[in-house]
Structure formats: C-alpha cells, structure tokens
2 protein chains.
Amino acid sequence: MRSLTERQREILNYIISSIKSTDRFPSYREIGRRFRLSSSATVSQHLDALVRKGFLTKIGNKLMLSRENRPIRGVPIVGRVAAGLPITAIENREGYLNVDSLFYDDATHFAVKVNGDSMKDAGIFDGDYVIVRQQEEARSGEMIVAYIGDEEATVKIMRKRGRIVELEPRNTSYKSIRINSKRDRLRIAGKVVGLVRRVR
Amino acid sequence: MRSLTERQREILNYIISSIKSTDRFPSYREIGRRFRLSSSATVSQHLDALVRKGFLTKIGNKLMLSRENRPIRGVPIVGRVAAGLPITAIENREGYLNVDSLFYDDATHFAVKVNGDSMKDAGIFDGDYVIVRQQEEARSGEMIVAYIGDEEATVKIMRKRGRIVELEPRNTSYKSIRINSKRDRLRIAGKVVGLVRRVR
DNA sequence: CAAGATACCAAACAATTGTTCGGTAGTCAA
DNA sequence: TTGACTACCGAACAATTGTTTGGTATCTTG
C-alpha cells in the first residue's frame, strides 16, 4: 500500500470519520464542501488517487473503504513497542485485536458478566466478561455457561460421569455441583470461547 | 422503541448487514431489488416506518441507523440467556462488548501477547492479549508493560521504593526484578487496562 | 527543461437518488 | 363496518450523484 500525500490523508480521514458518525460514504460534493473545493472534479481526482493507492475500493460507481482501513477495527496488536514513540508510528503491527474478529463466526456469540470467583484458578475473575458461543450441547471437560433450575447463569467446567453431570469450579474453596439428569434439568447456554477484562 | 413487523425487521437487518459489509446505506432501489419490490415507494414506506419506530434516523434526506442499532461489530452483552433460543431473538441485551468501546479513548492503545505465566495469579495467562494504554510514566502499584535493557516486553506490577523500582510478578515462584534507576533504564511502554483471552 | 505528479477550477452530462401522488388489497380491533 | 395499519404497485419529479472534458498552476525529479 503506497503512501498518501497530506491532502489525500486529510480526505481519507474525513471519509473515515464521516462513516463512523453517519454510516455513510460522503458524497463528492460533501467532501468538496468540507475542504472548500468548489469543483467535484477535484474530489474525483483525489478519490481516484485513494483508489489507486489501495485505500478505497470501487465496485461499480460505489466507493468503500478497503478492508484494512475499515473503522472500528479494534486495537493494534504489536510485537514490540518502542517506548516513547506514539503507537501510530509503530510499524511492527501484527494485526488488530477485536472481539469480532477473534470470536465472530455467526450471530451466535454473546457475552456475560461473571459473578463471583468460582473460576478464579482458570483466570476468570469477578466482573470479567466471558464470550460464549451459543450451543445446547457440550463435551466433558469444556467450559460452559449453564443454568440449573431457575438460578443465575454459572460458568463452570462440565464433567460427564454416566448419568451424573458435574459442574466443576476452578477454585479449591468451592465444591462441584452434581446434577442428576433425571431430576434436575441442566440447560446449557453455550461454550466459553473467550474472555474480556477491564483492568482496574 | 416500538416493535417491528416481520417485514420491517427483514429490511432493517438487510440495511445493517449492508452497512457492515460495504459501509454504505443501501439506496431505496437496492433494498427494493433485494426484496423484489418493484416500486421504490414501497421501500420509502417501510423506511418511514423504521424512522417512526426509532430504528432509523433521518437528517435532511440522509438516513442512518439510530445509535442503538449501530453496526453490530461486537458481541452482545446479555444478562440472562434463554437456553435454546437463538440469541438474535434475545431482548435483554445490555449493550455490545467491543474492544474499542471498552478501551478506546484515542489512538493510544495497543495489544501485546503475553509470554509466560509470571502474572498468573492476576489472572493473566500465557497467550493472553493484554490491552495497554501507552504512557511513559506510571504510579506505584499499577500494572505496566515495560522493557528492561534490550529485553522483551514484560507485564508486571510496578513498585517504587525510593531510587529502586521493583517489577513485581504475580506468581509465587517468580521473584521481583529490582531496577536501580541510576544504572539500568526502565522504559515503560504503557499501563495495562484490559485483557482479552481466547479460550482453548 | 521536460515529464510526471499534485492540486485545483468551471461546466456540462446521464444516471441515480429520495420523494410524492394516487391506487389496490389484506388484516385486525373498535 | 369503519378506520388504522400493513404491504404492495406504477408513474413522475426535482435534486443530487458520480463522471468527463479541458483547462491553470505548482512542485519535484531525472
């Protein structure tokens, strides 16, 4: 991806912020108005340059941001950070960290806030968000979110022992919950696939 | 926010997915084509309904998604999940979990993959991504990412003890690293503000 | 100094846009 | 049964859209 001139950067930034705030690609004349360009031909020329350099993509006569420049991308993952330099200047990015790109495969994921510290040895603390892939079945040993009776959702490791299902915590001061599949009903909400925590 | 008819939901979903994939609000005739509506007046009528019910917002003659329905680039946070129901049908959403909205305040955040288990008692495991707000200073007791000499980045708790700075792990089998600010230079990359883990 | 890229202009064009009008038809509650 | 809502149609309209043509002017680079 070739580098942009100052003007082209300005215009690209305007387009990105415009999309972020209005979900619309600004029209040529909107862009022109913003930069006091009286001719839409000037804008056209700038946008052509942005397409040529790979920052915009054109399908038919519809312009859109190229995938790498999409807004709401998440946080850049860096291998090594040069202390003192603004991270915008850092080159060794390894991609972007985004809840979506990490966990999304369909509209079948959700997040639940964790209550209590019964999973603290698994590195899941009170207040953490657990990302759950919705599914009704799970295999023994998998970490799931489930309901027992009418109670709150619980995050636990599931163990199948014949007719008995055990929901195993990861905290030595908690005991496993034993469920007799004949009497109580275990309703699995999904499998834990990720964790997001806000520190402090 | 009033509830939508089936048709209106379909159309709203199309608009959302269209924005997600192209960053463009589809034109009336594009929507019409998708649903085999030969008259743009029909589309206009549906969109009017979506505006009336608060799902779309109109400024001038420009339509956009209302804030609550903005691009679902993130995972819905739910309070309680009705097992068995598709989560798209779940009403009790409490918002969306997104790395951006959780941590973003400027272009000053990045993510680093954690190496080793020196912070495992703080619930930070090998392979986790730590979200870091870039800053060069930190207060005693804060969790930071730092470099000592030319070594790899480390995640540690910083403790100031006079001229000595201690980088304290959270794992009883590791020892604190003592840094004499006169000899060695401690380069702080930033403060840890979040954590993202991919389970399994 | 010529060539190429950049940054702008005015004017004009056909196509597409959102909108409006008047109409049909089904459902559902008052 | 009457009104309100929903779901569609075709036709027409003015405004806006992206594009093109033919210009001027500056800067950089071989």
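In the predicted model, residues 24 or more positions apart account for 45% of the contacts in chain A that have a separation of 6 or more. Chain A contains four helices and 11 strands. Of its 200 residues, 32% are buried.

One long-range pair in chain A involves A:I131, which belongs to strand β6 (residues 129-134). The C-alpha atoms of A:I131 and A:V192 lie 5.8 Å apart, although 61 residues separate the two along the chain. A:I131 has 27 C-beta neighbours inside 10 Å and therefore counts as buried, the threshold being 20 or more.

In soluble globular proteins, nonpolar side chains tend to be buried together. The largest nonpolar core of the model comprises 48 residues. The members that touch the most other members are A:V112, A:V130, A:V145, B:V112, B:V130 and B:V145. For B:V130, with residues up to four places away in sequence left out, the contacts are B:A111, B:V112, B:V114, B:I124, B:V145, B:V155, B:V192 and B:L195. Another core, of 11 residues, lies apart from the largest one and includes A:L47, A:F55, A:L56 and A:L65.

Two packed helices are described by the angle between their axes and the distance between the axes. In chain A, the axes of α1(A) and α3(A) come within 10 Å and cross at roughly 90°. This crossing falls in the range of 65 to 115 degrees, so α1(A) and α3(A) are roughly perpendicular to each other. On the α1(A) side, A:R7, A:Q8, A:I11 and A:L12 take part in the contact, and they meet A:H46, A:A49 and A:L50 of α3(A). The contact of α1(A) with α3(A) is made up of four nonpolar, two polar and one charged residues.

In chain B, α1(B) and α3(B) pack at an angle of about 90°, and their axes are 10 Å apart. The angle makes α1(B) roughly perpendicular to α3(B). The residues that meet are B:R7, B:Q8, B:I11 and B:L12 from α1(B) and B:H46, B:A49 and B:L50 from α3(B). By class, the contact of α1(B) with α3(B) has four nonpolar residues, two polar and one charged.

Helix α2 of chain B holds B:I31. B:I31 is buried, because 21 other C-beta atoms lie within 10 Å and the threshold is 20 or more. Beyond its neighbours within four places in sequence, B:I31 is in contact with B:I11, B:Y14, B:P26 and B:V43. B:V43 is 12 residues from B:I31 in sequence, and the C-alpha to C-alpha distance of this pair is 7.0 Å.

Most residues other than glycine have a negative phi. A:R36 has a positive phi, near 55°, and is not a glycine. A:R36 is placed in the loop between α2 and α3 of chain A. With 6 C-beta neighbours inside 10 Å, A:R36 counts as exposed, since the limit for that class is 12 or fewer. In chain B, the loop between α2 and α3 contains B:R36. The phi of B:R36 is likewise positive, near 55°. B:R36 is exposed, with 6 other C-beta atoms within 10 Å.

The DNA strands were examined in turn. DNA strand C is surrounded by 20 residues, of which A:R7, A:S38, A:A41, B:S27 and B:A41 come nearest. Two or more residues of the surface near DNA strand C are given by each of α1 (6-22) and α3 of chain A and α2 (28-34) and α3 of chain B. α3(A) gives the most, with five residues. The surface near DNA strand C divides into five nonpolar, 11 polar and four charged residues.

DNA strand D is also surrounded by 20 residues, and the closest are A:S27, A:A41, B:R7, B:S38 and B:A41. The elements that each supply at least two residues of the surface near DNA strand D are α2 (28-34) and α3 (40-52) of chain A and α1 (6-22) and α3 (40-52) of chain B. The largest share of this surface, five residues, comes from α3(B). By class, the residues near DNA strand D are five nonpolar, 11 polar and four charged.

Notes
Residues are numbered from 1 along each chain as its sequence is written. Chains are lettered from A and ligands numbered from 1 in the order in which they are written. This is a predicted model: local features need pLDDT of at least 70, side-chain atom pairs count only at pLDDT 80 or more; totals for chains, interfaces and linings use all residues. A residue is near a molecule or strand if its C-beta atom, placed from the backbone, lies within 6 Å of it. Ala, Val, Leu, Ile, Met, Phe, Trp, Tyr, Cys and Pro count as nonpolar, Asp, Glu, Lys and Arg as charged, and the others, Gly among them, as polar. Axes are lines fitted to C-alpha atoms, for helices over the stretch in contact, and angles run from 0 to 180 degrees between N-to-C directions. Angles under 35 degrees count as roughly parallel, over 145 as roughly antiparallel, 65 to 115 as roughly perpendicular and the rest as oblique. Two residues are in contact if their C-beta atoms, placed from the backbone, lie within 7 Å. A nonpolar core is a set of buried Ala, Val, Leu, Ile, Met, Phe, Trp, Tyr and Cys residues joined through C-beta atoms within 7 Å.
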